[in-house]
Amino acid sequence: MKEFHIDIPVQFFALDELPQSDQDLVRKAIDMTGTSYSPYSHFSVGAALELADGQVFLGSNQENAVFPVGLCAERTAFFAASANAPDVAPAAIAIAARNAEGFVAKPVSPCGSCRQALLEAEMRFGRPIRVLLYGTDGVYVLPSMRSLLPLTFDGTELV
Ligand code: THU
């Protein structure tokens with residue numbers, strides 16, 4: 001038996017320590033929690049996806065009484081970007097979330113389905129998507145979607 005470990009590089013910043021453009025993106029994600037439709041979970045998530053040409057697409061989680069019909073904030077933003085600017089690579093995504101008590105202290109990170117969807121865009125464009133995860137304790141910064149989804153199923157075996 002052999003064993004190997006996979007390290008994930010996570011940088012941890014105070015919000016005002018980030019470069020201005022990253023701060024702006026995080027603040028857009030924070031603002032977008034205000035448009036969440038989440039009467040079932042009462043968990044409001046906002047996402048701001050910046051493209052390589054500077055366009056920003058925004059999203060928030062959208063729920064439904066038929067629970068699986070709803071969609072996460074990250075894919076709401078990403079699918080809007082992909083539909084409206086299909087030829088432009090995503091460059092960075094910021095995510096923020098709050099519950100009934102306020103914004104979460106420890107950053108929330110994207111679910112597996114959102115990681116999978118964004119990873120495919122990262123591969124398709126051959127450009128990493130930086131990930132900025134907001135919490136009141138600080139902001140986690142990861143270099144790519146792949147770093148959040150190691151041992152990936154990326155479709156390359158489909159032939
Ligand atoms: N949710 C997101 O929008 N993004 C995440 O990263 C985690 C979860 C949403 C889905 C659902 O509307 C609510 O949060 C509770 O899971």
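No disulfides turn up anywhere in this predicted model: a search of the whole structure comes back with zero. A disulfide is a covalent bond between the sulfur atoms of two cysteines, and the cut-off applied here is a sulfur pair within 2.5 Å. Cys72 does not make one, since its nearest cysteine sulfur, that of Cys114, sits 3.9 Å away. Cys111 is likewise in no disulfide, and here too the nearest cysteine sulfur belongs to Cys114, at 3.8 Å. As for exposure, Cys72 has 24% relative accessibility and so counts as partly exposed. Cys111, at 30%, also falls into the partly exposed class, because that class runs between the 20% limit for buried and the 50% limit for exposed.

Both of these cysteines show up again around the ligand. The shell there is made up of Ser41, Phe43, Val45, Asn61, Glu63, Cys72, Ala73, Glu74, Val108, Ser109, Pro110 and Cys111. Sorted by class, the shell comes out as seven nonpolar, three polar and two charged residues. Several shell members place an N or O atom close to a ligand oxygen. With Glu74, a side-chain N or O atom is 2.6 Å from an oxygen atom of the ligand. Asn61 also uses its side chain, with an N or O atom 2.9 Å from a ligand oxygen. Ala73, on the other hand, does this through its backbone, where an N or O atom lies 2.9 Å from an oxygen atom of the ligand. As to how much of the ligand gets covered, it exposes 380 Å² when taken alone, and the protein buries 75% of that.

Turning to open space in the protein, the largest pocket has a volume of about 170 Å³. Its lining consists of Tyr40, Ser41, Phe43, Val45, Asn61, Glu63, Asn64, Phe67, Gly70, Leu71 and Cys72. Some of these names are familiar from the ligand shell, including Ser41, Phe43, Val45, Asn61, Glu63 and Cys72. By class, the pocket lining holds six nonpolar, four polar and one charged residues.

Enclosed space is a separate matter. Searching the whole structure gives one cavity of 30 Å³ or more, and the largest cavity has a volume of about 40 Å³. Around the largest cavity are Leu51, Phe78, Ala81, Ser82, Ala85, Pro86, Val88, Pro90, Arg124 and Phe125.

Definitions and conventions:
Residues numbered from 1 in each chain as written. Predicted model: local features only at pLDDT ≥ 70, side-chain atom pairs only at ≥ 80, totals over all residues. Heavy atoms only, no water. Buried < 20%, exposed > 50% of the residue type's maximum accessible area, 1.4 Å probe, protein only. Near = heavy atom within 4 Å. Polar contact = N/O pair within 3.5 Å; in protein donor to acceptor, adjacent residues only side chain to side chain. Areas by Shrake-Rupley, 256 points an atom, 1.4 Å probe, with all protein chains shown as cover. Nonpolar A, V, L, I, M, F, W, Y, C, P; charged D, E, K, R; others polar. 1 Å grid on protein atoms, 1.4 Å probe; cavity = no way out; pocket = protein on both sides within 12 Å on 5 of 7 lines; lining within 4 Å. Points joined across faces, edges and corners; volume = space filled by probe spheres on them.
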